[in-house]
Amino acid sequence: MAGSKEIRTKIKSVENTRKITKAMEMVAASKMRKAQERMRAARPYAEKIRNVAAHLSHAHPEYKHAFLVARETVKNVGMIVITSDKGLCGGLNTNVLRLSLNKMREWEAEGKQVSVCVVGNKGLGFMTRVGGDVRSQVTGLGDAPHMDKLIGPVKVMLDAYIAGEIDKLYVCYTRFINTMKQEPVIEQLLPLSGDTLGSAEGYWDYIYEPDAKEIINELMIRYIESLVFHSVAENMASEQSSRMVAMKAASDNAKNVIGELKLVYNKARQAAITKEISEIVGGAAAV
């Protein structure tokens, strides 16, 4: 059995660790509320532009954007993988990276080339280790996503699709369901179709000013950028929720460990006292 001094040192160390995890839990809870507000604020715009894109996919303008045209053969696949910059958030990054890696291996088994755009430091490190073809990346987004930081890396993938270097584009992120549940998902971004965009009752065409090509080009790019931004916002809300739950579990475990160590410390202390009493009684009997 360890000595009383060693046990006291362990108790002190675990108590200090518990203070840190408790503070991180409270910080994550505060950031989680803000992240959820940003995520909910982005939903109306994303829903409205999705409806407009759905109408465009069923309309028959004089110009058809490349994002709306499906390729006959798919040889090259692109994927935008969204992770966090920091760890200590449970299995959030592990689950989304496992899903993306399994999908990449499935495509490679079919003879398709896979290129990746990575959002987040954890995903960048993972894709570098597994030898993924990373075309673009962005890290250090902070606690709030900013569109100006996302536009550049996303545009690299969109330009590759328009140039024919990518035949399909997917996004892989963690969808926020509630505080206790987050789900890793992979969704197709390009090509767009009426089925993937959802139903829009009463399809109509639009009157374009100055012309259909200029308006549709700008709208389609804004639509894809809004989808990626919304995915990043969902992932950040999931990150803070997962971190809060993980830090609460760590704090609870630390509390249990402290209780067990105190029990061991009391047993050791009682054993030492009993030994001293026995020695005193034995000495007195010898005298």
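**Exercise 1. Two threonines and a lysine**

In which helix is the place of T9? Work out the surroundings of T9, T179 and K48, and how far each lies from a second residue.

*Solution.* The model is predicted: local features require pLDDT of at least 70 and side-chain atom pairs pLDDT 80 or more, while totals for chains, interfaces and linings use all residues. Residues are numbered from 1 along each chain as its sequence is written, and side-chain values use heavy atoms, with hydrogens and water left out.

Step 1. T9 is placed in helix 1. Helices (H or I, at least four residues) and strands (E, at least two) are DSSP runs, numbered from the N terminus.

Step 2. T9 has a relative accessible area of 49%, so T9 is partly exposed. Buried means under 20% relative accessible area, exposed means over 50%, and partly exposed is in between (1.4 Å probe, protein chains only).

Step 3. T9 and V171 are 162 residues apart along the chain, and their C-alpha atoms are separated by 48 Å.

Step 4. K48 is also found in helix 1. K48 has a relative accessible area of 55% and is therefore exposed. From K48 to N235 there are 187 residues in sequence and 21 Å in space, C-alpha to C-alpha.

Step 5. T179 sits in the loop between strand 4 and strand 5, and its relative accessible area of 28% makes T179 partly exposed. T179 and Q240 are 61 residues apart in sequence and 9.0 Å apart in space, C-alpha to C-alpha.

**Exercise 2. The second largest pocket**

Describe the volume and lining of the second largest pocket.

*Solution.*

Step 1. Fix the term. A pocket is found on a 1 Å grid over the protein atoms alone, as an open set of points where a 1.4 Å probe fits, with protein on both sides within 12 Å along at least five of seven lines; lining residues have an atom within 4 Å of a point.

Step 2. The volume is about 280 Å³, a volume being the space filled by probe spheres set on the points, with grid points joined across faces, edges and corners.

Step 3. The lining of this pocket has 23 residues, and K86, D143, E239, Q240 and R243 lie nearest its centre.

Step 4. Helix 1 (4-58) and helix 6 (212-286) each supply at least two lining residues. Helix 6 gives the largest share, six residues.

Step 5. By type, the lining divides into nine nonpolar, eight polar and six charged residues. Here Ala, Val, Leu, Ile, Met, Phe, Trp, Tyr, Cys and Pro count as nonpolar, Asp, Glu, Lys and Arg as charged, and the others, Gly among them, as polar.

**Exercise 3. Salt bridges**

How many salt bridges does the count come to? Examine three of them.

*Solution.*

Step 1. The count comes to 12 salt bridges, each defined as a side-chain nitrogen of Lys or Arg within 4 Å of a carboxyl oxygen of Asp or Glu.

Step 2. D167 pairs with R71, the closest N and O atoms being 3.2 Å apart. The pair links distant parts of the chain, 96 residues apart: D167 is in the loop between helix 4 (147-162) and strand 4 (168-178), and R71 is in the loop between helix 1 and strand 1. D167 counts as buried at 8% relative accessibility, whereas R71, at 26%, counts as partly exposed.

Step 3. E110 forms a salt bridge with K112, with the closest N and O atoms 3.1 Å apart. E110 is partly exposed at 47% relative accessibility.

Step 4. In the salt bridge of R222 with E225, the closest N and O atoms are 3.0 Å apart. These two residues are three apart in helix 6, so about one helical turn separates R222 and E225. Salt bridges that share partners join E218, R222 and E225 into one network.

**Exercise 4. Backbone exceptions**

Which residues does a cis peptide bond join, and where does L88 lie?

*Solution.*

Step 1. Recall the usual case: most residues other than glycine have a negative phi, and most peptide bonds are trans.

Step 2. The cis bond joins L190 and P191, with omega about 0°. P191 is in the loop between strand 5 (181-190) and helix 5 (194-197).

Step 3. L88 is not a glycine, yet has a positive phi of about 55°. L88 lies in the loop between strand 1 (76-82) and helix 2 (92-109), and is exposed at 55% relative accessible area.
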